[in-house]
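Trainee: I want to test the labels on this model against their definitions. Can we go through them one at a time?

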Number of protein chains: 2
Amino acid sequence: VIIPPVKLNLSGERFRVTYRLAGNRELAMARANDICVEQTIEFPAELVPTGDIHDHILGQIESLEEVSTDVHRGVISFAVEITGFELKQLINVLFGNISIKPGIRIERIDFPNSFLDKFSGPRFGIEGIRTLLGVKSRPLLCTALKPLGLSAMQLAEQAYQCALGGIDIIKDDHSLANQSFAPFKERVARCAGAVRKANSEGGHHALYAPSLTSAPDRIEADALDAKNAGAGALLICPGLIGLDVMRHLADNDRIALPILSHPAFQGSMVTSPENGIAHGVIFGSLARLAGADSSIFPNFGGRFSFSRDECHKIAIGCAEPLGNLRPIFPTPGGGMNLGRISEMREMYGNEVLLLVGGALHQGDKGLAANCRQFREMVEQF
Amino acid sequence: VIIPPVKLNLSGERFRVTYRLAGNRELAMARANDICVEQTIEFPAELVPTGDIHDHILGQIESLEEVSTDVHRGVISFAVEITGFELKQLINVLFGNISIKPGIRIERIDFPNSFLDKFSGPRFGIEGIRTLLGVKSRPLLCTALKPLGLSAMQLAEQAYQCALGGIDIIKDDHSLANQSFAPFKERVARCAGAVRKANSEGGHHALYAPSLTSAPDRIEADALDAKNAGAGALLICPGLIGLDVMRHLADNDRIALPILSHPAFQGSMVTSPENGIAHGVIFGSLARLAGADSSIFPNFGGRFSFSRDECHKIAIGCAEPLGNLRPIFPTPGGGMNLGRISEMREMYGNEVLLLVGGALHQGDKGLAANCRQFREMVEQF
């Protein structure tokens, strides 16, 4: 069954994906050839229609070089048109089927600007969030309301103390969904109200970011309701609700709130050095393409296992040029405490949203006083 | 900052998650304790509020046993209420933050029936799809329209040949999104029309399943439009659009079409034996909870690397008792050909949807004739 030559109307623009390929040159070349087919036409090689499908739709190996023994780096390019200029299909081309094949890891992606122009990306980014908060140059402060099981009233009391203490962004813990203990609607109303009250009393401009986990048909309405109730940002787990749902919320002009992206359920993509997607890509460039204004990730030396270098690469991914897409705040957290602040400042510089959670509840001084100490430490920089 | 004892109104019902934990007993116990905290309260142990948060919201280690040297199996239970009875938050509790921690793999989940009753699950399942197709007991046949780059008219011609040849379910390749070559709306209209024509000429009851990748605000409307245009099922990639979006589409009484779940972008969860979620859980029980009627996965010995045992476990996950949730069709594919059919029948029995794609285009006899041969082979069972 031979398909006649196909003529398509293609621009010639291609994006380039750099893969780490496990194996010697022969195996790495086989993997690269496989990616070219698997991520595009998934069709027996001998039956590939001639013409544009063969010449342009198939992935093209641009280079293949040895990095170390049994590790190669391959660059493969794809015609921009096969994404349909949609985020979901881009992700599909990048790592859909090959997510199931071992020994392949995406290390970086280079998009032509004409492609990036199809995406709005972060609505606020670093500059937009600084403007909202009225904070020029110091690192920003973030904390999380927890633990799961507290009532909306108890969480609101925490939010009040944190805002009084000078935290910039007070987010729900990502475990807070719509449980009976603290239903979303009541929690948002109480916490937003508490932060508003503290702002008017303490003179700060804290933002409250509820965790948005609503069902697909309610998520936009719930985001709007949260905004109307006084929420100043949104916490989103793209691994749970979908990267494209995050993008869709970011693109909504009526919602128009900064988005903090949380890495829950995305970890499997980064835990193996041989498979998956590099930290800087999934928590940097792809988070930006999907509209995040802040990318939360576990800092090195905390409760999680990211290395210093992996965290550094996330920070680079949040800031490096990406067409006209705004740079965003790397947001390291996960078991941080005030003893780590100066080290974090040293590593990330000023363009960072520092996330300290449970540690602010420790000691005898009280939550607001601990937050104040956090704020004072950061203001000294 | 001590939080006063909290009293919650909990049912006492818990679900049990079995984890493979890497490490000796001490390390495995540390991982188990960590899961109990990380997946629930994420709060310093010494500050955990007494009362119900400590006694019930925290995960509880039910057992921990050695499986082999440096491998343990731990069972941890969680109060059903912390999920808010929502799929996204269930996934979050199961594997949100710990997806970022190496050495933890979910091996199985046991839910109380009262919990499963909150989910509708597959609308059709095996029995419902058999009724739609009018096929009592033989294995069902599936193929994919491809390659990417063909026009809607060319794909429709393929669909026509496949339906004439007796394929039961003719799905879009998952690479077909809304590219200019074959836009979704035109493709659905033409392919559905072609299958309808072939059904009336050939006497079969083939269903056409378009790949649905629309943006969040259009996906329901596009599914309904596809149904109105004659689509008989839907192909969904939950890794790309979100498990909960798939569930939401499955639950929609107006759409009411069988859903084929495709594993794109979910592979990272299964590629490492030490991390992630076992094949039978992610492609079996969780796919069912999320409303899939068929779970597509790469069969062993094809283009992918799943083992025979891993595929067997997916088939078990598709069929084993899961409250009132219907059993669904395991749908092995990924580089299959007619030479593999009797082996697949032997392994999966009759309750299987056999997916053969590119191989049906090989040889000189033509697509319809190859499909007919596929059908005849299966009818002999």
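Trainee: This model is predicted. What makes A:Asp173 and A:Lys146 a salt bridge?

Mentor: The closest N and O atoms of A:Asp173 and A:Lys146 are 3.9 Å apart. The cut-off is within 4 Å. So the pair qualifies as a salt bridge.

Trainee: What parts of chain A does the pair tie together?

Mentor: A:Asp173 sits in the loop between strand E6 (169-172) and helix H7 (184-202) of chain A. A:Lys146 sits in the loop between strand E5 (140-145) and helix H6 (152-164) of chain A. The pair therefore ties together parts 27 residues apart in sequence.

Trainee: Are these two residues buried or exposed?

Mentor: Buried means under 20% relative accessible area. A:Asp173 has 1% relative accessibility, so A:Asp173 counts as buried. A:Lys146 has 4%, so A:Lys146 is buried too.

Trainee: How do you know that B:Lys101 and B:Asp34 form a salt bridge?

Mentor: Their side chains meet at 2.7 Å, N to O. That is within 4 Å, so the rule is met. B:Lys101 lies in the loop between helix H3 (87-95) and strand E4 (104-110) of chain B, and B:Asp34 lies in helix H1 (residues 25-38) of chain B. So the pair ties together parts that are 67 residues apart in sequence.

Trainee: Why is B:Lys101 called buried, and why is B:Asp34 called partly exposed?

Mentor: B:Lys101 is at 7% relative accessibility, which is under 20%, so B:Lys101 counts as buried. B:Asp34 has a relative accessible area of 23%. Partly exposed runs between 20% and 50%, so B:Asp34 gets that label.

Trainee: Which salt bridge does B:Arg218 form?

Mentor: B:Arg218 pairs with A:Glu86, with the closest N and O atoms 3.9 Å apart. This pair crosses between chains. B:Arg218 is in the loop between strand E7 (207-209) and helix H8 (219-229) of chain B. A:Glu86 is in the loop between strand E3 (71-79) and helix H3 (87-95) of chain A.

Trainee: What labels do B:Arg218 and A:Glu86 get for accessibility?

Mentor: B:Arg218 is at 35% relative accessibility, so B:Arg218 counts as partly exposed. A:Glu86 is at 18%, under the 20% limit, so A:Glu86 counts as buried.

Trainee: How many salt bridges are there over all chains, and how many between chain A and chain B?

Mentor: The count over all chains is 53. Between chain A and chain B it is 8. A:Glu42 and B:Arg303 also form a salt bridge, with N and O 3.1 Å apart. Both residues belong to a salt-bridge network that also links A:Asp34, A:Glu38, A:Lys101, B:Lys146 and B:Asp173.

Trainee: Where is B:Asp173, and what does it touch?

Mentor: B:Asp173 is in the loop between strand E6 (169-172) and helix H7 (184-202) of chain B. Its relative accessible area is 2%, so B:Asp173 is buried. Its contacts include A:Thr40, A:Ile41 and A:Glu42 from chain A, and B:Ser211 and B:Leu235 from chain B. A polar contact of 2.8 Å also joins the side chains of B:Asp173 and B:Ser175.

Trainee: What makes strand E1 (residues 14-22) of chain B and E4(B) a pair?

Mentor: Pairing needs at least two bridges. These strands have 6 and run antiparallel. B:Thr18 stands opposite B:Arg108 in E4(B). E4(B) also has 2 bridges to strand E10 (residues 276-277) of chain B, so the requirement is met there too. Those two run parallel, and B:Arg105 stands opposite B:Gly276.

Trainee: How do you know that the two copies are related as by a two-fold rotation axis?

Mentor: A rotation of 180° with 0.0 Å of shift along its axis superposes chain A on chain B, with RMSD 0.0 Å. The copies are thus related as by a two-fold rotation axis. In chain A, A:Gly242 comes closest to that axis, at 2.4 Å (C-alpha).

Trainee: Why say that the copies meet through the same surface?

Mentor: Because 100% of the interface residues of chain A are also interface residues in chain B. In contact are 83 residues of chain A and 83 residues of chain B. The chains bury about 7,100 Å² between them, 62% of it on carbon and sulfur atoms.

Technical notes: Residues are numbered from 1 along each chain as its sequence is written. Chains are lettered from A and ligands numbered from 1 in the order in which they are written. This is a predicted model: local features need pLDDT of at least 70, side-chain atom pairs count only at pLDDT 80 or more; totals for chains, interfaces and linings use all residues. Side-chain values use heavy atoms; hydrogens and water are left out. Helices (H or I, at least four residues) and strands (E, at least two) are DSSP runs, numbered from the N terminus. Buried means under 20% relative accessible area, exposed over 50%, partly exposed in between (1.4 Å probe, protein chains only). Copies are superposed by least squares on the C-alpha atoms of residues with pLDDT of at least 70 in both. Contact means heavy atoms within 4.5 Å. A polar contact is a pair of N or O atoms within 3.5 Å; within protein, one must be able to donate a hydrogen and the other to accept it, and residues adjacent in sequence count only if both atoms are side-chain atoms. Buried area is the accessible area (1.4 Å probe) that two parts lose on being put together, summed over both. Lists of a residue's contacts leave out its neighbours within four places in sequence.
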